[in-house]
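Student: I have a structure to read and many terms to test. Can we take them one by one?
Tutor: Yes. Here it is.

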Amino acid sequence: MNILIVYGTYSGGTLSVAHEIEELLKASGHTVTLQNILTTSPSGEYEYRTKDLLELLKSNDLVIFGSCTWLEDGVEGQMHSGFKLLDKELSTGPLEKIRCAVYGLGDRNYAHFCGAVDQLEKMVTGRRGKLITPSLRIDRYFFNTDKALKDIKDWVGQLSKSVQRT
Ligand SMILES: Cc1cc2nc3c(=O)[nH]c(=O)nc-3n(C[C@H](O)[C@H](O)[C@H](O)COP(=O)(O)O)c2cc1C
């Protein structure tokens, strides 16, 4: 199965988790592609390439969205700004029938723990994507790495079973 992981990160944790998920899925025989939600333009500015991403979304059997939760425009509990751009640019239909899953990194000391997960779920279901397994929320990844790795392994196991059923 071809699986795409689209991630948004500021301090690298969400990418690190994407790699963990990638390794586990590859070990089960899947082909996995990682895609940063933001790319860097030749002039060094961050940019988001809708066209490429939409093509990628459609050409995979399962899409996993992963985001940190951050302070965006002065508001806590927000998904990565790249996903905010994506959310604005996606029309209603492009995720129709696409199997999706969501994970997020956060910190329980903030008021909206892993708010990005709720926002990504809303983005997916609002575009008629199909969430095939409950989302994974990771608390303080860099401080609780052992627990996080166990939770990631359990989640990927659950995800693999859901993929076979759907
Ligand atoms: C400025 C700032 C704001 C944050 N806001 C939240 C928040 O509202 N909710 C939450 O659960 N975590 C929040 N976090 C914690 C991050 O989501 C967490 O550190 C995460 O692991 C970062 O992921 P990344 O390394 O992929 O960027 C915040 C962290 C920072 C530095």
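Tutor: Start with Asp107, which sits in the loop between β7 and α4. Keep in mind that this is a predicted model.

Student: Why is Asp107 called partly exposed?
Tutor: Count its neighbours. Asp107 has 15 other C-beta atoms within 10 Å. Buried needs 20 or more, and exposed needs 12 or fewer. The count of 15 fits neither class, so Asp107 is partly exposed.

Student: What is Asp107 in contact with, leaving aside its neighbours within four places in sequence?
Tutor: Asp139 and Arg140. A contact here means C-beta atoms within 7 Å.

Student: How far is Asp107 from Leu86 in sequence and in space?
Tutor: They are 21 residues apart in sequence and 24 Å apart in space, C-alpha to C-alpha.

Student: Where is Leu86, and is it buried or exposed?
Tutor: Leu86 is in helix α3, residues 81-89, and it is buried. Gly82, Phe83 and Lys84 are buried there too. The buried residues of α3 pack against β1, β5, β6 and α4.

Student: Back to Arg140. Where is it, and what makes it buried, exposed or partly exposed?
Tutor: Arg140 lies in the loop between β9 and α5. It has 15 C-beta neighbours inside 10 Å. That falls between the two cut-offs, 12 and 20, so Arg140 counts as partly exposed.

Student: What is said about phi of Arg140?
Tutor: It is near 45 degrees, a positive value in a residue other than glycine. Lys97 also has a positive phi, near 70 degrees.

Student: Where is Lys97, and why is it called exposed?
Tutor: Lys97 is in the loop between α3 and β7. It has 9 C-beta neighbours inside 10 Å. The limit for exposed is 12 or fewer, so Lys97 counts as exposed.

Student: Now β7. How do you know that it is largely enclosed?
Tutor: Check its residues. Eight of the eight are buried, so β7 is largely enclosed by the rest of the structure.

Student: Which residues point which way from β7?
Tutor: Arg99, Ala101, Tyr103 and Leu105 point one way. Cys100, Val102, Gly104 and Gly106 point the other way. All are buried.

Student: Why do they alternate like that?
Tutor: In a regular strand, side chains alternate between the two faces of the sheet.

Student: How do you know that β7 and β5 pair?
Tutor: Pairing needs at least two bridges. β5 and β7 have seven, in the parallel sense. For one position, look at Gly66, which stands opposite Tyr103 in β7.

Student: What makes β7 and β8 a pair?
Tutor: Two bridges join them, and the strands run parallel. The cut-off is at least two, so the pair qualifies. Arg99 stands opposite Lys130 in β8.

Student: And how many bridges link β7 to β9?
Tutor: Four, again in the parallel sense. The bridge partner of Gly104 in β9 is Arg137.

Student: Which elements make a right-handed β-α-β unit?
Tutor: β7, helix α4 and β8.

Student: Which residues touch the most other members of the largest nonpolar core?
Tutor: Ile5, Val63, Ile64, Phe65, Val102 and Leu120, out of 41 residues. β5 gives the largest share of this core, six residues.

Student: What does Val102 touch, leaving aside neighbours within four places in sequence?
Tutor: Its contacts include Phe65, Leu120 and Leu131. Glu121 and Ser135 are also among them.

Student: Why is Val156 called buried?
Tutor: Val156 lies in helix α5. It has 23 C-beta neighbours inside 10 Å. Buried starts at 20, so Val156 is buried.

Student: How far apart are Val156 and Ile21?
Tutor: In sequence, 135 residues; in space, 6.8 Å, C-alpha to C-alpha. Val156 touches Ile21, Leu24 and Leu25, not counting residues up to four places away in sequence.

Student: Last, the ligand. How many residues surround it?
Tutor: There are 21, and the closest are Thr9, Gly13, Thr14, Cys68 and Gly106. By class, nine are nonpolar, ten polar and two charged.

Student: Which element gives the most to this shell?
Tutor: β5, with four residues. α1, β5, β6 and β7 each supply at least two.

Technical notes
Residues are numbered from 1 along each chain as its sequence is written. This is a predicted model: local features need pLDDT of at least 70, side-chain atom pairs count only at pLDDT 80 or more; totals for chains, interfaces and linings use all residues. A residue is near a molecule or strand if its C-beta atom, placed from the backbone, lies within 6 Å of it. Ala, Val, Leu, Ile, Met, Phe, Trp, Tyr, Cys and Pro count as nonpolar, Asp, Glu, Lys and Arg as charged, and the others, Gly among them, as polar. A crossover is right-handed if, with the strands pointing away from the viewer, the path from the first strand over the helix to the second runs clockwise. Two residues are in contact if their C-beta atoms, placed from the backbone, lie within 7 Å. A nonpolar core is a set of buried Ala, Val, Leu, Ile, Met, Phe, Trp, Tyr and Cys residues joined through C-beta atoms within 7 Å.
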